[in-house]
Amino acid sequence: MKGSAALVFREIQSTRKNQEIVMNGVHAVRSAAHAPKVEIANVELFYGTYKALHEISLSIPSREVTAFIGPSGCGKSTLLRTINRMNDLIEGVKLTGSIRLDGVDVYAPHIDLIELRKRVGMVFQKSNPFPKSIFDNVAYGPRIHGSRDRDYLQETVRQSLIRADLWREVKDRLHTSALDLSGGQQQRLCIARALAVNPEVLLMDEPASALDPRSTSKIEDLIGELRSDYTIVIVTHNMQQAARVSDTTAFFYEGRLVEHGVTKELFTKPKEKQTEDYITGRFG
Amino acid sequence: MEATTISDPRSHTSRAWAPAKKRPLLARPVTERIFLLLARGIISLALLTLVALIADVAMDGMERLTWNFFVNFPSRKAENAGILAAWTGSLWLLLLTIMIALPIGVGAAVYLEEYGRRSFGTKVIEVCIANLAGVPSVIYGILGLQVFVRALSFERSLLSGALTLALLVLPIIIMASREALRTVPKGYREGALALGATKWQTTWTQVLPVAIPGIATGCILAFSRAIGETAPLITLGALTYVAQVPDSVFSPFTALPIQAFNWLSRPQPEFHTNAAAAITVLLAFMIMLNIVAILIRNRYQKRQR
């Protein structure tokens, strides 16, 4: 149901994605059948004594795009980073509640963080290519996980770059520095790098907020193409972007989940006053 | 004030918001020029002092800087005396000190920056390291004498000397390496960890390579200090007359600064010439080390482009 509603919305919204609409029929059938990929239950998070997330419960459907929206400091990035446990890096962070990936609590003791992060890839707000060649950037993930075979690495790099829609632009200069790429290309390289370890979930923390409109629309197109194979969670400031790319949207305010629902409904018929105020631009 | 008196027929500006008079494009403010002159003056003063020092020493020692000076052992006759034992001793000392201090120092820095949690313990360690960097080098000599020469009975060997010098430069290496590690952008660490890299893989493949230019520069400066140190080695009881090239870490040794110090303390002026020559060699060696530091830095920075 959710999927098909989103589909209708998508067709109304995106006139430039003509070719994709043909494929959307498939999505609708598939989405409906998928169980939640990530289930967030009663999550509370503290930075020291400051409570950043309040009682958040939310399920993220498999192979759909879920958008987290809300004003700065509302906790949407924090919540995103709990899914692959990147918050563990920050000292003084405490979390209660549970986050289940395919039914397994990722905060349970003896969870293999490496395996978790292999399954849950991440793209950051500020593109962060390593100061290495384009090839070495994409091959980094497979290499640290033990792949040494040249042919395999080459094929993985090629496939990942194709998926990230960067192959055509860089195929002749794979061994030049990734830092020479433009901002938008660097961000797509980071996406390719995340794809190279074959994740199931892709977390994107405002992936286009530092990019110009052209690069932004490329990233958005890319998200549209990736949604059939990956569960994507995207944090964004930009409500039009959330409306364009996502199937479901969650609106956060001051560390609380205010409303969560099918993107089209949330944007056209918000149930909560706060949501309506935010999406109509009255605050935030 | 002047701006308001300009009479432009097209201008309807009232005095109240007349635009400020524009400065000529080329001229710089006076203060800027004064500061530039001052800065240039200071840097030339520093460079001139250095050049004068090197020139003076080099001229004093020039007549003794022959091939024989490098291949002869010390002698009672100043014109026959050479620095073979001293420069080989210095080279051994340097290599041993690097081998001991570099892994420990960089390792400690990696621990403190990448692994250590901000706890009371690490804060205490930080304060201790900062203080150790300021301890006079003689104190390290006394420590070395007690611990390495006597307690561990390494005798007055190269090993004792190198261990003492390693202790001396460790705080500097740790602080320089931490500084270098701190400049590595957070994005590299996050990027690697988010791909499922372990902390060790992240440090080894992303953080350290980026930090190497900074670490190398800091370390080489520290080692060029070690190579010029005299006091701790004399406290340690390093010999001044050595007529053999060291052949193991347990060999007795002498070093260039000790040799120079020894020659200077003799009454005969011919030996003072020897001292000047030895110091010239030491200075040349230190300048070479610094050039190596710059080359390493440039090489790695280029590789990261």
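This report walks through a predicted model with chains A and B.

## Ground rules

Residues are numbered from 1 along each chain as its sequence is written, while chains are lettered from A and ligands numbered from 1 in the order in which they are written. As the model is predicted, local features need pLDDT of at least 70, side-chain atom pairs count only at pLDDT 80 or more, and totals for chains, interfaces and linings use all residues.

## The sheet of chain A

Chain A holds an open sheet of six strands (strands are DSSP runs of E, at least two residues, and helices are runs of H or I, at least four residues, both numbered from the N terminus). The strand order is β6-β7-β8-β3-β9-β10, and the pairing is mixed. Two strands pair if DSSP finds at least two bridges between them. At the edges of the sheet lie β6 (120–123) and β10 (256–262) of chain A, each pairing on one side only. On average, neighbouring strands of this sheet are turned by 15° against each other, direction ignored.

Look inside the sheet at β3 (residues 65–69) and β9 (residues 248–253) of chain A. These two strands run parallel and are joined by four bridges. A:F68 has A:A250 of β9(A) as its bridge partner. Helix α3 (residues 76–83) of chain A packs on the sheet. α3 touches β3, β6, β7 (201–205), β8 (231–235) and β9 of chain A (contact means C-beta atoms, placed from the backbone, within 7 Å). The direction of α3 makes about 150° with that of β8(A); axes are lines fitted to C-alpha atoms, for helices over the stretch in contact, and angles run from 0 to 180 degrees between N-to-C directions.

## Antiparallel pairs in chain A

Strand β1 (residues 36–47) of chain A pairs with β4 (residues 93–101) of chain A in the antiparallel sense, over eight bridges. A:A41 has A:S98 of β4(A) as its bridge partner.

β4(A) also pairs with β5 (residues 104–105) of chain A, again antiparallel, over two bridges. Here A:L101 is bridged to A:V104 of β5(A). The hairpin of β4(A) and β5(A) has two residues between the strands, and A:D102 takes a positive phi near 50°.

## Chain B: helices

Chain B has twelve helices and zero strands. Its radius of gyration, taken over C-alpha atoms, is 27 Å, well over the 19 Å that the globule rule (2.2 Å times the number of residues to the power 0.38) gives for 305 residues, so chain B is more spread out than a compact globule. Its C-alpha trace spans about 95 × 60 × 35 Å along the principal axes.

One helix pair shows how packing is described. Helices α6 (residues 137–151) and α7 (residues 158–182) of chain B pack at an angle of about 135°, with axes 9 Å apart. That makes α6(B) oblique to α7(B) (under 35 degrees is roughly parallel, over 145 roughly antiparallel, 65 to 115 roughly perpendicular, the rest oblique). Residues in this contact include B:Y140 and B:F148 of α6(B), and B:L163 and B:L167 of α7(B). By class, the contact has seven nonpolar, five polar and no charged residues. Ala, Val, Leu, Ile, Met, Phe, Trp, Tyr, Cys and Pro count as nonpolar, Asp, Glu, Lys and Arg as charged, and the others, Gly among them, as polar.

## Where the chains meet

The contact takes 17 residues from chain B and 22 residues from chain A. On the side of chain B, α8 (186–194) and α9 (199–228) are the elements that give two or more residues. α8(B) gives the largest share, six residues. The residues on this side of chain B divide into six nonpolar, seven polar and four charged.

Technical notes. Contact = placed C-beta atoms within 7 Å.
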